Amino acid sequence: ALCILAAALCLLRSIAFVPAPATRTVDPAVVTGAAVLATVPAGADAFVFKGKEYFDVFYGIEPLAWAFCGFVIVYYGAVLKNAATKY
């Protein structure tokens, strides 16, 4: 606990480098081109199996990884809730 406190104090006392925002001019043709590209419909990212089209509802990620992600979210949510109600 003492190490964490010392590290937090070091981080709070350090000076962070934050550059000034860059000023730039945007060409109207670039804005128009970006708007046109944003409105062009994209592919549905579907795949065909035995002549029938299916959509990948897992976004290409394995279901076990989704289940683990859900478990981690629920677990850490419970930990935060318990910490908030304890103190």
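Which residues form one aromatic cluster? Phe71, Tyr75 and Tyr76 do, and this briefing looks at them alongside a nonpolar surface patch. Please note that the model is predicted, so local features need pLDDT of at least 70 and side-chain atom pairs count only at pLDDT 80 or more, while totals for chains, interfaces and linings use all residues. Residues are numbered from 1 along each chain as its sequence is written, and side-chain values use heavy atoms, with hydrogens and water left out.

**Aromatic pairs**

- Searching the whole structure turns up two aromatic pairs (ring centres within 6.5 Å, using the six-membered ring for Trp; planes under 30 degrees apart are stacked, over 60 edge-to-face, the rest tilted).
- Phe71 and Tyr75 make a stacked pair, at 6.0 Å centre to centre with 25° between the planes.
- In helix H3 (a DSSP run of H or I, at least four residues), Phe71 and Tyr75 sit four residues apart, so about one helical turn separates them.
- Tyr75 also pairs with Tyr76: the centres are 5.4 Å apart and the planes at 80°, so this pair is edge-to-face.

**Exposure of the stacked pair**

- Phe71 is exposed, at 53% relative accessible area (buried is under 20%, exposed over 50%, partly exposed in between; 1.4 Å probe, protein chains only).
- Tyr75 is partly exposed, at 46%.

**Nonpolar patch**

- Val57, Phe58, Tyr59, Ile61 and Trp66 form a nonpolar surface patch, together offering about 550 Å² of accessible area.
- Ile61 lies in the loop between strand S2 (52-55) and helix H3 (63-86), and is partly exposed at 41%.

How values were computed. Patches are made of residues with over 30% relative accessible area and no salt bridge: like charges are joined within 9 Å, nonpolar side chains (Val, Leu, Ile, Met, Phe, Trp, Tyr) within 5 Å. Accessible areas come from the Shrake-Rupley method with a 1.4 Å probe; for residues, only the protein chains shown count as cover. A salt bridge is a side-chain nitrogen of Lys or Arg within 4 Å of a carboxyl oxygen of Asp or Glu. Helices (H or I, at least four residues) and strands (E, at least two) are DSSP runs, numbered from the N terminus.
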